[in-house]
Amino acid sequence: MVNDRLQPRSDWSSAGRLAILSSVLFLSGIGSLIFETLWLRLSGLTFGNSIWSAALILSSFMAGMALGNAFAASSRIRRWRPLQLYAFLELLIAFLGCAIVFGLPLLGEWLRPLFQALWNYQSILLGLRFVLSFLLLLLPATAMGLTLPVLVEDSFLQSAEFGRAIGILYGVNTLGAVAGAVLGEAYLVEAFGLLGTALAAGAATSIAAATALLLARRDGAALPPARHPLPLRLRITYHPPWRLLFVSFVTGGILLCLEVVWFRFLRLYVALSSTAFSIMLAVVLVGIGLGGVVSGAMHSRLARSNLLLPILLLFAAILTLLCYEFFPAEIAQTSPNVFDIRSWPQIAMLSFALMFPVALISGIIFPLIVARVQTSVGDRMNSTGLTTLFNTSGAALGPLLTSFVLLPAVGFQWSLLLSAASYTLLAIFVSERGNWSFTRPLGIATSALLAAFILIVALFPYRRDQAHFAHASLPYVMDGRGNLIAQVIKKVEGTSDTWQLVRRDLFGEPYYCRLLTNGFSMSATLPRSQRYMRLFAYLPLALRPESEDALLICYGCGVTADAFTHESRLKRIDIVDISREVFDLAPFYSGPYSANPLRDPRVITFVQDGRFFLQGSPRQYDIITGEPPPPKVAGSVNLYTEEFFSLMNSRLKQGGIATFWLPVDQLKVSEAKAILRAFRNAFPNTSVWAGADEEWIMMGINGPGRRVEEGEIRRLLSNPGTGADLRRMGIEVPEQLGALFLMDGEEIDRITGEIAPLTDFYPKRLSDAAWDESASHRFASTYMVASSAIQRFLDSAMINKIWPPTLNKPLQSYFIVRETRYFSRVQGSNALAELDLYLRHSRLRVPVLEILGSDEFRLSIAETVAHNSEMPPPETVPDLVAGALARRDFDDAIRLLESEKKLGALELNDLFILTYLYCVNGEVNKAEDLVASSSGLIKRDWFVDWLWGKLQAEFGFHPPP
């Protein structure tokens, strides 16, 4: 404690002193929150981002904070002024904070051999990661835990009412954390990267330290040096108020439990991007901070009665339920474009409605508990440290209990109910006899609030959670006219996410499935999606046919994994996913040609962060690919950085091939180029491939690669398993694989010359802002034009090294097919002219099906249903017609359309197709009779004029006058 003989020389009022120290703690809050987010982000890259790894890293940080609180609870300051010690702590945080941010990536490189050596001993490896993360974060986290308790020992605050001072200081420090969360996410990371942001955080804490030192110098001369230079002396001379400390412990745990539950619930309404997370966190911290300030400002009133704490706890319980019951779901935007920046005000409104009231009450409660503890303990630093120690310990336990026990066992709604019930039980536990006396107003209030809570629980809408789940799945189970088109067949509330498996049926049979993660469609088995997902596997299998080992990062719906299982030459297929629930859902997928690849004996699954798997696993692979989440989903950006791609390259065998997704249609053009630049930097031998869409596939080869023989590629198409699978996806001849080519590394260098790569230290090169679809189309369309595409293919040095030249001659027609299909989707086309092109100038099946709105999966279901019926159901006829034309069976297609005509179900477009087919089939007279009998339905327009002119010129058709 400060020497009593040294009196302060300033006549500043305690209020002025409190204002200055509040500004110091505001700066400290900014720096500390920024450092905390940077440490957790980079620690995840070094030690893994799996749910267990994240829990260990967070526990390490909280343990350090608790240790600092424990020092404050059990020590006395000696021979140093409190402000001097505080300044030292802030400078230590600034130095170590920056050192950790700068050093963690290097540490990851140094530890990689150790991780690989211990890979087969996962329990030891998990323990090692905990120990290392604990030691790494120990000193700065301990210093953070000491700052507030040390500052309240300032001698000039001794004359200030302690409850008022602690409330205001605690509240302003938390509001500083709000500023740090918003400032870091909205500006610093994007402008300066992670390293620059760390320096900014260090500057904020250093300014706080400098201000504290200036105040200490103004207060008076320095104290004489002590024989023992340590500023703290362990000394406990008080009896802890265990009941109040238990309340502090439990309230800390409940609030962090609620924070996990709230965030999980809100993710049913918004996609959790990094900006959305920052907004949600800021709302909670604003509530806590303002609550602290309110508690300090009103402490003289709040402290008059010991009966107020149970009332506040009951308010927290009631508000927990009421904010959920009256959650304004109607203002939430149900849109597939969830990253539209205009939705951030909605996120803030939803967050305030759900979380702010309870956070505000929690902010009021904590300083109130500290002040009551201080009346028993006496020493201000000890009481602040002791209360914070228990509160921090509860806060460390709350998220673990929620994530690993409550949410998987009972779900988010019952977790909310249990949290509210815990507040109520805690209110009863801490209450006194006066709380139940009807002769006192507070006694009446306590009884009334308890009765209100019981009534709310009794009337609680226990099926309300189903409405929230339904909101998340609504865009995928209803069409634009409000018709039900799909159903949720499985719902899982897991440790880290809420999963819903949606199935679309067709003609009463399963067609495809969609995996929803919280409120976002993470993956699906739609035929058009399956094409690029299966090509993740088939492209490298075609260009490295001797492959024996494959690694798939992110399981998704299992489409890429299923493609790998079709290749009999593969001996081992390792699949890594961060969520166990993704694997658990594998048996529930259904649809044509659907299978569970996890049943293949060659498949080995790992529940692990894919990035840490690459860092820690010693195995090397012939093929590495991934079915990752979209880049703009929170936590996914580090699966698209140069460092991640370099890790992929390091785990490939010589000549091994990596493929990875680049969804151009979900990115700004500059963002797509930043990812291309990152991939190119990691793989000198790079190329990009795609079908007739904007789901691009980046491919990198470790080394120069080798030339593949034509027979090796033809084998992939002739193999019963892989060949049938490829043909269903639209790769019907070997040349079509070559016609997937877009660009090589030299073209990437040309278009990304002024673009910086996406890296771990500059994650905001991938923003949360909405992409410009028209700009994306313009960028992609440049590479879909057949004439320039085939020229790039033939001129590419990489292609000339790996592609068999014997397959080059017929390539142009397949590049033309891709161009036609792409522009048909993006801009629209004359469908009948396109159909004529495919029918009469190629033997391809899939383009014919697609232009008629069908695919091999729809056709399989339609044929099965028709086979099991006396007559084909009318709804199957369009697909059956498409199937007949795909096999060039014009007679069967005409028969089906004529049967529709007899039933009076022939639509105008079908009439034009039937007219065209009559002519193609040499039955021009039937075409003329059909048109004459339907003249009342046909209105002349550009299309009719075109069709009549074509049929007249090519088949001698005589159009009606």
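**A walk through two sheets and a helix bundle**

Hi everyone, let me start with one short strand. Of the 5 residues in strand S6, residues 520–524, 4 are buried, so S6 is largely enclosed by the rest of the structure. Please keep in mind that we are looking at a predicted model.

Which sheet does S6 belong to? It sits in an open sheet of 4 strands, ordered S3-S4-S5-S6, with antiparallel pairing. S3 and S6 are at the edges and have a single partner strand each, so one side of each has no neighbour in the sheet. From one strand to the next, the twist averages 30°.

Let's go through that sheet strand by strand. Strand S3 covers residues 486–493 and pairs with S4 over 7 bridges, in the antiparallel sense. As an example, Lys490 has Leu501 in S4 as its bridge partner. The link from S3 to S4 is a hairpin through 4 residues.

Now for S4, residues 498–506: is this strand mostly covered or mostly open? It is mostly covered, with 7 of its 9 residues buried. On to its pairing with strand S5, residues 509–517: these two run antiparallel and are joined by 8 bridges. Within that pairing, Gln500 is opposite Leu516 in S5, and Arg503 is opposite Cys513 in S5. S4 and S5 make a hairpin with 2 residues between them, and Phe507 in the turn has a positive phi of about 55°.

The step from S5 to S6 is a hairpin too, with 2 residues between the strands; here Asn518 in the turn has a positive phi of about 60°. S5 and S6 run antiparallel, joined by 4 bridges. Leu516 turns up again here, opposite Ser521 in S6.

Let's move to the other sheet. How many strands form the open sheet with mixed pairing? There are 8, in the order S9-S8-S7-S10-S11-S13-S12-S14. At its edges stand strand S9, residues 603–607, and strand S14, residues 741–744; each has a single partner strand, so one side of each is left without a neighbour in the sheet. Neighbouring strands in this sheet are turned against each other by 20° on average, ignoring direction.

To pick out one pairing, strand S7 (residues 549–553) and strand S10 (residues 621–626) run parallel, with 4 bridges joining them. In that pair, Leu551 is opposite Ile624 in S10. Helix H14, residues 527–543, packs on this sheet and touches S10, strand S11 (652–663), strand S12 (685–689) and strand S13 (695–701). The direction of H14 makes about 155° with that of S11.

Next, the aromatic rings. Across the whole structure, a search finds 46 aromatic pairs. Take Trp696 and Phe779: their ring centres are 5.4 Å apart and their planes are at 40°, so this pair is tilted. The pair links distant parts of the chain, with Trp696 in strand S13 and Phe779 in helix H24 (residues 773–781), 83 residues apart. Trp696 has 0% relative accessibility and so counts as buried. Phe779, at 9% relative accessibility, counts as buried too. Elsewhere, ring pairs link a cluster whose members include Phe265, Tyr324, Trp414 and Phe469.

My last stop is a group of helices. Helix H31, residues 877–886, has 9 of its 10 residues buried, so it is largely enclosed by the rest of the structure. Among the buried ones are Val877, Asp879, Leu880 and Gly883. What do the buried residues of H31 pack against? Their neighbours are H28, helix H29 (846–851), helix H30 (856–867), helix H32 (890–902) and H33. After H31 comes Arg888, with a positive phi near 60°.

Two of those neighbours, helix H28 (residues 831–841) and helix H33 (residues 908–920), pack at an angle of about 35° with their axes 12 Å apart. H28 passes H33 in a right-handed crossing. On the H28 side, Leu832, Asp836, Leu839 and Arg840 meet Phe912, Ile913 and Tyr916 in H33. Sorted by kind, the residues of this contact are 5 nonpolar, no polar and 2 charged.

And H30 takes us back to where we began. It packs on the S3-S4-S5-S6 sheet, touching S4 and S5, and its direction makes about 140° with that of S5. Thanks for listening!

How values were computed
Residues numbered from 1 in each chain as written. Predicted model: local features only at pLDDT ≥ 70, side-chain atom pairs only at ≥ 80, totals over all residues. Heavy atoms only, no water. Axes fitted to C-alpha atoms, helices over the stretch in contact; angles between N-to-C directions. Left-handed = near helix turned anticlockwise from the far one by under 90°. Contact = heavy atoms within 4.5 Å. Nonpolar A, V, L, I, M, F, W, Y, C, P; charged D, E, K, R; others polar. Buried < 20%, exposed > 50% of the residue type's maximum accessible area, 1.4 Å probe, protein only. Pairing = 2+ DSSP bridges. Phe/Tyr/Trp six-rings, centres within 6.5 Å; stacked < 30°, edge-to-face > 60°.
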